[in-house]
Amino acid sequence: VTMAPWGFRCRASLPRSCLLYTSLRALALAVLGDSLADGRGCRRDLDRAYACFEEAARLGNPDAMFALGVFLQGKEEQWRGVRDLDRAADLYCRAMSLGVDLARTNLGCLHAAGLIRAADREHGLSLLRQSVAEGDMVARDALRALEQGVPGGSPSDRLPGGDDGNTGKDA
């Protein structure tokens with residue numbers, strides 16, 4: 001028996017209450033990370049936002065997995081942390097499997113452009129086509145650039161940028 005922060009005891013016979021606490025904590029951390037990343041209601045602090053997203057992702061929050069992937073992919077341009085495209089791809093894959101549709105475009109771009117160790121161009125193009133079918137304009141632009149082989153620059157130069165991780169879905 002352990003004492004949860006709200007004062008109730010969390011027993012093995014009550015796993016849902018512990019799961020609820022973990023889910024709420026992960027959600028709170030993800031929301032705090034969003035606020036810190038955007039500077040909403042507080043001073044913008046990308047290092048603290050990253051830390052919040054990392055903990056929330058560890059606790060299983062799919063939106064935090066996506067946001068952490070955005071940082072690791074280098075799409076949060078002012079963040080000075082170490083980029084890790086393979087880890088970003090893993091996070092996008094996990095987030096996508098948990099229902100975060102935006103992760104599909106970013107994962108597709110990493111695969112199709114050959115930017116990760118386990119890159120599969122056809123799988124990446126397939127993911128991008130799925131996103132395009134759902135109205136994702138960034139996926140459309142990335143797919144065009146990748147299929148046409150835009151001359152010059154590295155594969156990552158051909159991919160749509162954006163420092164907020166949004167993929168430009170039509171509403």
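**Ion pairs, core and surface of a predicted helical model**

R44 is partly exposed, with a relative accessible area of 34%. The model described here is predicted. R44 takes part in a salt bridge with E76, and their closest N and O atoms are 2.7 Å apart. E76 sits in the loop between α3 and α4, whereas R44 sits in the loop between α1 and α2, so the pair ties together parts that are 32 residues apart in sequence. E76 is buried, at 7% relative accessibility.

A second pair joins E134 and R104, with 3.6 Å between the closest N and O atoms. R104 belongs to helix α5 and E134 to the loop between α6 and α7, so this bridge ties together parts 30 residues apart in sequence. E134 is partly exposed, at 41% relative accessible area. R104 is buried, at 8%. A network also appears: R25, E55 and R58 are joined by salt bridges that share partners. A further bridge links R43 and D45, where the closest N and O atoms lie 3.9 Å apart. R43 is exposed, at 62% relative accessibility. D45 is buried, at 14%. The count of salt bridges comes to 11. In general, side chains of opposite charge can pair when their charged atoms come close.

The overall layout was examined next. The protein has seven helices and two strands. Starting at the N terminus, the order of elements is β-β-α-α-α-α-α-α-α. The protein contains 171 residues, of which 38% count as buried. Among contacts with a separation of 6 or more, 44% are between residues 24 or more positions apart. The exposed area of the protein is about 9500 Å². Carbon and sulfur atoms supply 53% of that area.

The largest nonpolar core holds 31 residues. F53, F66, L68, F71, L72 and Y92 touch the most other members. Two or more residues come from each of α1 (15–38), α2 (46–58), α3 (62–73), α4 (85–97) and α5 (102–112). Helix α3 gives the most, with eight residues. A second, separate core has nine residues, including L125, L128, A142 and L143. In soluble globular proteins, nonpolar side chains tend to be buried together.

F71 illustrates the inside of the largest core. F71 is part of helix α3. At 2% relative accessible area, F71 is buried. Beyond four places in sequence, the contacts of F71 are L46, A49, Y50, F53, E76, W79 and R83. One of these, E76, also forms the salt bridge with R44. F71 and V82 are separated by 11 residues in sequence, and their C-alpha atoms are 9.0 Å apart.

A57 gives another view of a buried position. A57 lies in helix α2. The relative accessibility of A57 is 3%, so A57 counts as buried. Leaving out residues up to four places away in sequence, A57 touches A64, M65, L68 and R94. L68 is itself among the core residues that touch the most other members. A57 and A26 stand 31 residues apart in sequence, yet 7.3 Å separates their C-alpha atoms.

Helix α5 is mostly covered, with 10 of its 11 residues buried. The buried set includes R104, the partner of E134, along with L107, C109 and L110. Buried residues of α5 pack against α3, α4, α6 (121–133) and α7 (137–148). G114 follows α5 and has a positive phi, near 70°.

The surface also has a nonpolar patch. L20, L24, L27 and V31 make this patch, with an area of about 360 Å². L27 is placed in helix α1. L27 is partly exposed, at 43% relative accessible area. An α-helix has 3.6 residues a turn, so residues three or four places apart point the same way.

Confidence varies along the chain. The mean pLDDT is 84, and 77% of residues reach 70 or more. Over residues 151–158, pLDDT is below 50. That stretch has seven contacts in the model beyond near neighbours in sequence. Residues 162–171 also stay under 50. For residues 162–171, the model has 23 contacts beyond four places in sequence. Where pLDDT is low, the predicted coordinates should not be read in detail.

How values were computed: Residues are numbered from 1 along each chain as its sequence is written. This is a predicted model: local features need pLDDT of at least 70, side-chain atom pairs count only at pLDDT 80 or more; totals for chains, interfaces and linings use all residues. Side-chain values use heavy atoms; hydrogens and water are left out. A nonpolar core is a set of buried Ala, Val, Leu, Ile, Met, Phe, Trp, Tyr and Cys residues joined through side-chain atoms within 4.5 Å. Buried means under 20% relative accessible area, exposed over 50%, partly exposed in between (1.4 Å probe, protein chains only). Helices (H or I, at least four residues) and strands (E, at least two) are DSSP runs, numbered from the N terminus. Contact means heavy atoms within 4.5 Å. pLDDT is the predictor's confidence in each residue, from 0 to 100. Patches are made of residues with over 30% relative accessible area and no salt bridge: like charges are joined within 9 Å, nonpolar side chains (Val, Leu, Ile, Met, Phe, Trp, Tyr) within 5 Å. Accessible areas come from the Shrake-Rupley method with a 1.4 Å probe; for residues, only the protein chains shown count as cover. A salt bridge is a side-chain nitrogen of Lys or Arg within 4 Å of a carboxyl oxygen of Asp or Glu.
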